[in-house]
Amino acid sequence: MGRWALDVAFVWRAVLTLGLVLLYYCFSIGITFYNKWLTKSFHFPLFMTMLHLAVIFLFSALSRALVQCSSHRARVVLSWTDYLRRVAPTALATALDVGLSNWSFLYITVSLYTMTKSSAVLFILIFSLIFKLEELRAALVLVVLLIAGGLFMFTYKSTQFNMEGFALVLGASFIGGIRWTLTQILLQKADLGLQNPIDTMFHLQPLMFLGLFPLFAIFEGLHLSTSEKIFRFQDTGLLLRVLGSLFLGGILAFGLGFSEFLLVSRTSSLTLSIAGIFKVMATLNPPRGWAPAPTWSCCSGAASQRKGIMRRRRRTSWPRDSSDQPGEQL
């Protein structure tokens with residue numbers, strides 16, 4: 001009877017994790033192609049990202065208000081001390097990760113972006129060592145080499161390769177390693193009460209907006225203020241279409257953020273990274289016109305990265321001792 005209960009619990013946990021991963025896939029793949037399509041005609045990715053942050057904050061605040069009215073329980077509100085000391089680093093890293101990622105769409109294809117961005121798991125492993133969430137082992141070094149080798153093979157002689165775009169998305173991957181390591185630590189701090197993804201997004205968005213604003217002001221502020229698509233518009237219909245497209249992207253960004261934080265809070269940042277690796281296969285054969293056909297080195301690089309991820313997954317599939325719970329390790 002006890003063994004049967006354990007089997008049922010394991011199956012339920014596996015089904016729940018699979019459902020969360022599929023939810024993440026829907027929003028992640030959708031917003032990737034949507035943002036790439038939008039940046040072809042709207043060349044202000046940082047402004048687009050900031051508008052997405054505003055939409056996410058609006059939906060998060062609305063969701064919190066609805067839940068509070070239905071449950072008659074006050075939602076968590078952090079003090080300024082905890083907000084600036086514990087949330088600010090995660091918010092700044094998240095803002096830079098998202099901003100640089102969207103910026104890179106101006107220069108590179110979706111397939112190159114997705115494969116390069118999947119290297120974030122490499123940086124997550126590195127920062128897990130720095131934050132003492134992992135122990136240095138020979139197997140860990142092998143995983144890092146496999147992932148790094150896969151990235152090199154994919155980008156080597158890649159068609160439509162652009163160094164500026166590649167540097168942007170690689171920088172986003174590096175910052176993403178910091179972002180998701182700090183996010184997991186933040187979500188696991190029970191005293192903060194941010195286990196709910198809606199509460200987490202509500203607290204992160206204002207600081208993310210402020211953190212991204214200086215980059216926007218420097219690189220896009222002047223050009224946007226003289227653009228006929230927003231501030232100097234002459235066609236009201238065009239303005240409404242642009243704002244509608246940006247707002248729809250914000251809805252997708254809200255769904256992506258919710259699915260990401262929900263997956264990390266229920267499993268781990270490593271699980272999110274592993275799911276991101278398998279998402280690469282959906283973008284190696286994108287619709288015609290979005291990206292070039294995958295080359296031999298591209299497929300070999302993908303295989304090398306997946307091999308590294310699967311080796312890493314086997315190392316973390318089982319707890320080191322009976323006190324550890326699956327999904328709580330990084």
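Let's start at F213, a partly exposed residue with a relative accessible area of 40%. Keep in mind that this is a predicted model. F213 sits in helix α8 (residues 197-219) along with F216, and because the two are 3 residues apart, about one helical turn separates them. F216 counts as buried, since its relative accessibility is 12% and the cut-off for buried is under 20%.

Now look at the two rings themselves. The centres of the F213 and F216 rings are 5.8 Å apart and their planes make an angle of 55°, so this pair is tilted. They also have company: F42, F44 and F47 join F213 and F216 in one aromatic cluster.

If you go on hunting for ring pairs, the count for the model comes to 15 aromatic pairs. Another one to look at is F59 with F254, whose ring centres are 5.5 Å apart; the planes are at 40°, so this pair is tilted too. Here the partners come from distant parts of the chain: F59 belongs to helix α2 and F254 to helix α10 (residues 236-266), with their positions 195 residues apart. What about their surroundings? F59 is partly exposed, at 25% relative accessible area, while F254 is buried, at 15%.

Since F59 has brought us to α2, let's see how that helix packs. Two packed helices are described by the angle between their axes and the distance between the axes. For helix α2 (residues 45-71) and helix α3 (residues 80-104), the axes come within 8 Å and cross at roughly 135°. That angle falls outside the range for roughly antiparallel, which is over 145 degrees, and the two helices are therefore oblique to each other. Their crossing is right-handed.

Which residues make the contact between the two helices? On the α2 side they are P45, L46, M48 and T49, and on the α3 side V98, G99, N102 and W103. Sorted by class, that contact has 5 nonpolar and 3 polar residues, and no charged ones.

Our last stop is S104, also found in helix α3. S104 is buried, because its relative accessible area is 0%. Setting aside neighbours within four places in sequence, S104 is in contact with Y113, G165, L168 and V169. You can also trace from S104 to T39: the two are 65 residues apart along the chain, and their C-alpha atoms are separated by 9.8 Å.

Notes:
Residues are numbered from 1 along each chain as its sequence is written. This is a predicted model: local features need pLDDT of at least 70, side-chain atom pairs count only at pLDDT 80 or more; totals for chains, interfaces and linings use all residues. Side-chain values use heavy atoms; hydrogens and water are left out. Axes are lines fitted to C-alpha atoms, for helices over the stretch in contact, and angles run from 0 to 180 degrees between N-to-C directions. Helices (H or I, at least four residues) and strands (E, at least two) are DSSP runs, numbered from the N terminus. Angles under 35 degrees count as roughly parallel, over 145 as roughly antiparallel, 65 to 115 as roughly perpendicular and the rest as oblique. A crossing is left-handed if the near helix is turned anticlockwise from the far one by less than a right angle, and right-handed if clockwise. Contact means heavy atoms within 4.5 Å. Ala, Val, Leu, Ile, Met, Phe, Trp, Tyr, Cys and Pro count as nonpolar, Asp, Glu, Lys and Arg as charged, and the others, Gly among them, as polar. Rings of Phe, Tyr and Trp (its six-membered ring) pair if their centres lie within 6.5 Å; planes under 30 degrees apart count as stacked, over 60 as edge-to-face and the rest as tilted. Buried means under 20% relative accessible area, exposed over 50%, partly exposed in between (1.4 Å probe, protein chains only).
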